[in-house]
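Reader: I'd like to learn how to read a model like this one. Could we go through it feature by feature?

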Number of protein chains: 4
Amino acid sequence: MTDKIALEELKALGWTTNKDKTAIHQSFKFKTFIEAFAWMTQAAMLAEKNNHHPDWSNSYNRVDVSLTTHSAGGITKLDIELAKAFSGI
Amino acid sequence: MTDKIALEELKALGWTTNKDKTAIHQSFKFKTFIEAFAWMTQAAMLAEKNNHHPDWSNSYNRVDVSLTTHSAGGITKLDIELAKAFSGI
Amino acid sequence: MTDKIALEELKALGWTTNKDKTAIHQSFKFKTFIEAFAWMTQAAMLAEKNNHHPDWSNSYNRVDVSLTTHSAGGITKLDIELAKAFSGI
Amino acid sequence: MTDKIALEELKALGWTTNKDKTAIHQSFKFKTFIEAFAWMTQAAMLAEKNNHHPDWSNSYNRVDVSLTTHSAGGITKLDIELAKAFSGI
């Protein structure tokens with residue numbers, strides 16, 4: 001669904017794909033809960049701005065992010081762009 | 001680890017326990033991502049204030065919250081109090 | 001710069017203009033700081049989404065919002081739309 | 001109301017007092033609105049945790065913070081501590 005070049009680029013930014021390549025993941029770690037949640041706030045604003053939202057979980061100082069385009073059943077340009085935006089925070 | 005009365009009280013607020021009663025859960029649903037994240041912001045402030053933090057995940061307008069006291073390996077007063085605070089948002 | 005109808009509509013939503021009609025204002029009051037800041041978080045996401053941002057201040061449970069288009073030196077459609085979005089939170 | 005040593009320490013962290021020394025101020029500047037608001041989110045959590053809240057305003061990438069203890073009519077230990085916490089973000 002997405003070209004190889006884009007996925008290679010994301011790999012360089014720390015993102016991995018799941019087995020069947022339907023989603024990309026990254027785990028972000030911070031010093032404290034406060035820092036983790038501040039990062040989530042920035043990510044939430046970028047998500048809302050892009051009209052595309054992550055599936056994510058948080059446990060204290062860790063944020064696990066998963067990006068997929070549910071309507072397409074896989075990774076699309078929307079995920080690539082949001083992933084890059086998240087990596088740019 | 002926690003008395004029955006407290007758990008009954010939480011049940012009335014929509015919280016459920018897992019099978020081995022080591023954690024309490026609740027799924028919160030909102031109209032939009034923005035409303036879901038605003039709720040999370042309030043919850044984050046209450047969590048930080050209580051020095052006790054949820055394991056939680058978010059997918060668009062849904063927030064799944066799990067509370068447990070990792071150091072105690074089960075539900076403690078800290079979870080009961082944070083659960084009540086979350087239900088009061 | 002903006003038509004009268006739009007300003008009348010905003011007036012009905014509680015917004016007022018300053019003397020020289022270069023900005024619109026509204027003061028929002030909440031029960032607690034937490035609720036005030038959760039409202040600000042929603043407003044911040046809407047602002048970022050609209051690529052237009054408020055001049056605002058917060059003191060405990062009060063949020064004072066001022067909207068103007070600096071580049072235009074007055075109220076524009078951008079302010080009208082953000083004001084409506086804020087009133088819809 | 002506060003000892004000189006504490007105020008000197010804050011000065012080194014970029015805080016200034018107003019003329020009649022009833023409040024301390026600092027202006028924080030960021031690259032974007034998103035970064036400014038993420039900083040505010042961290043500060044909001046620290047404020048709520050300390051049960052003491054800033055008077056602050058935001059305009060795009062700038063956050064102006066003023067700290068005073070209204071009930072005491074001046075600067076107290078509460079302000080000193082919150083100022084340090086904000087500077088530590």
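**Reading the model, feature by feature**

Author: Let's start with one residue: I5(B) is exposed, because its relative accessible area is 67%. The cut-offs are under 20% relative accessible area for buried, over 50% for exposed, and partly exposed in between, with a 1.4 Å probe and protein chains only. I5(B) belongs to helix α1 of chain B, residues 4–12. From I5(B) to K49(B) is 44 residues in sequence and 25 Å in space, C-alpha to C-alpha.

Reader: What should I know about the model and its numbering before going on?

Author: This is a predicted model, where local features need pLDDT of at least 70 and side-chain atom pairs count only at pLDDT 80 or more, while totals for chains, interfaces and linings use all residues. Residues are numbered from 1 along each chain as its sequence is written, chains are lettered from A and ligands numbered from 1 in the order in which they are written, and side-chain values use heavy atoms, with hydrogens and water left out.

Reader: How many helices and strands does chain A have?

Author: Helices (H or I, at least four residues) and strands (E, at least two) are DSSP runs, numbered from the N terminus. Chain A has three helices and four strands. Going along the sequence, the order in chain A is α-β-β-α-β-β-α.

Reader: And how do I read the radius of gyration of chain A?

Author: You take the radius over C-alpha atoms and hold it against the globule rule, 2.2 Å times the number of residues to the power 0.38. A compact globule of 89 residues would come out near 12 Å, and chain A has 13 Å, which agrees. Along its principal axes, the C-alpha trace of chain A spans about 35 × 25 × 20 Å.

Reader: What about the inside and the surface of chain A?

Author: Of its 89 residues, 51% count as buried. For contacts, the test is heavy atoms within 4.5 Å. Take the contacts in chain A between residues at least 6 apart in sequence: 61% of them join residues at least 24 apart. For area, the method is Shrake-Rupley with a 1.4 Å probe, and for residues only the protein chains shown count as cover. Chain A exposes about 4400 Å², with carbon and sulfur atoms supplying 52% of it.

Reader: How far apart are the mean positions of the positive and negative charges of chain A?

Author: Lys and Arg count as positive and Asp and Glu as negative, while His and the chain ends are not counted. Each charge is placed at NZ of Lys, CZ of Arg, CG of Asp or CD of Glu. Chain A has 10 positive and 10 negative charges, and their mean positions are 6 Å apart.

Reader: Which rotation superposes chain B on chain A?

Author: Copies are superposed by least squares on the C-alpha atoms of residues with pLDDT of at least 70 in both. Chain B goes onto chain A by a rotation of 180° with 0.0 Å of shift along the axis, at an RMSD of 0.0 Å. In chain B, the C-alpha nearest that axis belongs to S57(B), 1.9 Å from it. The copies meet through the same surface, because 100% of the interface residues of chain B are also interface residues in chain A.

Reader: And chains C and D?

Author: A turn of 180° and a shift of 0.0 Å along the axis lays chain C on chain D, with an RMSD of 0.0 Å. That is the relation of a two-fold axis. S57(C) has the C-alpha nearest the axis in chain C, 1.9 Å from it.

Reader: Is N58(A) buried or exposed?

Author: N58(A) counts as buried, because its relative accessibility is 2%. This residue sits in strand β3 of chain A. Leaving aside neighbours within four places in sequence, N58(A) is in contact with residues of two chains, including F33(A), M40(A), P54(B) and W56(B).

Reader: Where do I find positive phi values?

Author: Try N51(A), a residue other than glycine with phi near 55°. N51(A) lies in the loop between α2 (33–50) and β3 (55–59) of chain A, and at 54% relative accessibility it counts as exposed. In chain C, K21(C) has phi near 50°, and its place is the loop between β1 (16–17) and β2 (24–29).
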